[in-house]
2 protein chains.
Amino acid sequence: MSGKTRIKDIAFRLGVSPATVSRALGDTDIVAEPTRTRVREMARALDYRPDVNARSLRTRKSMAVLLVVRDIGNPFYLEIVKGVEAKARAAGYAVLMGNTENDAGRENEYFNMLRDGHADGMILITGKLPKQRGRTVPLPDDLPVVIALEVIEGAAVPHVQIDNRGAAAEAVRHLIDLGHRRIAHISGPVPEILSRYRLEGYRQAMAAADLPIPPGYEQRGTFLLHSGEEACEALFDLPDPPTALFVANDEMAFGAINQLRKRRVRVPNDVSVVGFDDLYLGEAFFPPLTTVNQPRTEIGAKAMDILLDLLTGEAGPAEPVILPTRLVVRGSTAPPPKKKRTKES
Amino acid sequence: MSGKTRIKDIAFRLGVSPATVSRALGDTDIVAEPTRTRVREMARALDYRPDVNARSLRTRKSMAVLLVVRDIGNPFYLEIVKGVEAKARAAGYAVLMGNTENDAGRENEYFNMLRDGHADGMILITGKLPKQRGRTVPLPDDLPVVIALEVIEGAAVPHVQIDNRGAAAEAVRHLIDLGHRRIAHISGPVPEILSRYRLEGYRQAMAAADLPIPPGYEQRGTFLLHSGEEACEALFDLPDPPTALFVANDEMAFGAINQLRKRRVRVPNDVSVVGFDDLYLGEAFFPPLTTVNQPRTEIGAKAMDILLDLLTGEAGPAEPVILPTRLVVRGSTAPPPKKKRTKES
DNA sequence: CTGAAAGCGCTAACAG
DNA sequence: CTGTTAGCGCTTTCAG
């Protein structure tokens with residue numbers, strides 16, 4: 001009824017000092033057992049909740065971490081978020097989600113929240129370091145920031161990532177093992193480092209098997225559904241179209257398969273497709289998508305573990321932490337068709 | 001270098017009082033123009049950021065709102081989040097995301113964040129009011145809470161929702177108009193009110209067309225992919241299986257179509273399927289899913305608008321706000337097959 | 001073991 | 001228009 005319960009209300013009713021109440025409520029300090037229980041019972045009876053702002057102001061820590069993603073609308077991030085959340089709450093931290101929409105201004109804004117007391121540390125899944133006045137500032141070594149999933153080259157900040165190059169190569173090798181020789185790649189936006197790594201993995205695997213990459217076999221996409229369709233269209237307008245596609249993410253792979261269906265090209269009978277990410281709905285897709293699974297929950301959990309270390313003054317890992325991926329073979333890949341396919345509309 | 005810049009640093013360098021700095025930085029107050037600019041320039045030069053905790057402690061408002069969803073892992077919520085976010089940031093509010101996992105304890109926890117100063121108001125997308133000590137507490141009328149998407153019956157709290165019953169009926173009517181007579185329904189978990197509304201819409205449309213609902217034609221699912229498969233299995237083990245399915249959400253519809261494919265039942269040639277939600281990937285699915293589109297961004301935006309009103313002391317709408325849905329006809333629905341299908345494994 | 005007192009950084013009265 | 005003063009609610013010395 002009468003507004004909110006404060007520490008002094010409890011203190012007053014019990015005839016003790018506010019300081020004693022504060023101590024009795026905290027875990028650390030030593031308060032005489034009878035007092036301690038009386039305080040706790042009263043606090044519970046009055047439904048007392050400490051004011052976070054007062055506490056944070058005093059202790060200079062917010063007990064919150066910031067999780068900044070590029071696009072909260074991308075289902076891909078969801079499990080990472082869960083991994084972070086689970087660890088965070090276990091350690092008593094709240095998780096604040098930030099959504100940059102790839103906008104430099106907003107990235108900066110979240111970065112500032114570290115300084116204005118909103119959060120104590122941050123996990124970045126954006127592939128960019130915030131800029132100050134247009135130029136990237138070198139992060140102080142002790143700033144509690146962890147990069148997850150993405151890679152920021154040259155940043156002296158702990159990284160949790162996967163071996164994108166190796167995983168891509170493995171995916172391509174799967175196609176090669178199946179007997180494919182004409183394998184094309186639909187990449188993500190090339191300025192982005194993850195796209196480059198996956199592209200490199202593709203080239204590496206092709207080179208290792210002495211397979212040529214004909215002109216036009218490297219299509220550049222945007223990671224979005226429709227760009228998979230477009231890239232696929234370009235690929236199959238080629239005089240000598242591929243028999244297999246390694247696509248840099250699942251979403252574009254769905255788009256590509258869709259396009260193939262429109263052209264009455266059968267997957268996997270005529271053309272095999274491998275994706276990357278292992279999205280939840282990949283299973284329900286037809287055909288079920290062969291793809292590279294990323295350990296998303298673990299990436300989130302590991303990143304939070306490291307952040308927690310940073311927050312308690314421990315040093316982060318000197319080397320990037322690499323988590324293992326797994327090629328999930330489902331129904332979108334098969335050996336190439338026996339007879340040589342010729343150009344047909 | 002020397003820790004963080006505070007108001008008094010600026011004041012000291014400029015030879016003015018902290019109060020003047022505070023006023024000069026705020027929009028409202030009147031400060032002599034020269035002072036005002038000098039303060040602002042100095043603040044910018046020192047890269048000053050006001051401490052949110054101190055400010056919140058003093059002003060008793062956090063300028064943050066809480067957005068609580070049932071499962072952050074569900075892509076369905078994403079656009080709602082965006083709608084909320086856009087409005088919130090335009091009004092200077094930060095959005096804190098809460099994730100309940102359907103856990104009563106966690107729902108409560110977020111609710112408490114309203115009282116401990118974390119946030120000033122909240123948008124609930126959980127279908128449940130938080131409980132205190134096991135029982136639902138009636139929310140004070142003036143508590144800044146808005147329910148979006150879900151419905152909590154009997155709660156005197158502003159609602160932003162869609163007409164689930166009407167939208168479901170429209171979907172079923174589409175099937176009826178196509179010529180279907182044997183139409184089954186896969187519902188969500190029935191304790192949930194949204195599932196009930198959609199179920200009612202189905203029954204209503206069937207009744208209005210004088211169509212019977214044979215035993216077994218109402219299957220209960222969980223809104224999850226595999227439950228769509230299972231329900232579909234049960235349906236097509238029936239002696240007289242349906243020629244059309246109205247499924248309470250897209251995810252289960254994907255599962256159902258998958259199951260149908262395994263049984264070599266063609267969609268939409270043999271059986272038509274309508275979903276509900278219009279998930280992003282529904283387009284890429286094969287066949288492209290006919291479904292009910294919910295105006296998700298608008299739901300989020302409208303909910304935030306109302307919350308903003310509540311936060312400024314205005315009254316919320318007395319009646320629930322109903323936003324229009326739209327039946328999106330794509331490729332998963334068609335007239336029923338001409339010849340009567342007989343039972344076949 | 002407990003109380004008194006100070007102070008985190010900010011803004012809002014209240015004077016001037 | 002600006003400075004002084006007080007205080008938001010909490011934790012933490014420092015005494016006792």
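What rotation superposes chain B on chain A? Turn chain B by 180°, with 0.0 Å of shift along the axis, and it lands on chain A with an RMSD of 0.1 Å. That is how a two-fold axis relates copies. The fit is by least squares on the C-alpha atoms of residues with pLDDT of at least 70 in both copies.

Before you click on, this is a predicted model: local features need pLDDT of at least 70, side-chain atom pairs count only at pLDDT 80 or more, and totals for chains, interfaces and linings use all residues. Residues are numbered from 1 along each chain as its sequence is written, while chains are lettered from A and ligands numbered from 1 in the order in which they are written.

**Stop 1: the axis.** Select N53(B). Of chain B's residues, N53(B) comes closest to the rotation axis, its C-alpha at 2.3 Å.

**Stop 2: DNA strand C.** Now pick the 22 residues around DNA strand C (C-beta atom, placed from the backbone, within 6 Å of it). The nearest are A32(A), I7(B), A19(B), S22(B) and A54(B). Next, colour α2 (18-25) and α4 (52-59) in chains A and B: each supplies at least two residues of this surface. Helices here are DSSP runs (H or I, at least four residues), numbered from the N terminus. α4(B) gives the most, with five residues.

**Stop 3: I123(A).** Leaving aside neighbours within four places in sequence, which residues is I123(A) in contact with? They are V65(A), L67(A), V84(A), V146(A), A148(A), A303(A), M304(A) and L307(A). Contact means C-beta atoms, placed from the backbone, within 7 Å.

Definitions and conventions. Two residues are in contact if their C-beta atoms, placed from the backbone, lie within 7 Å.
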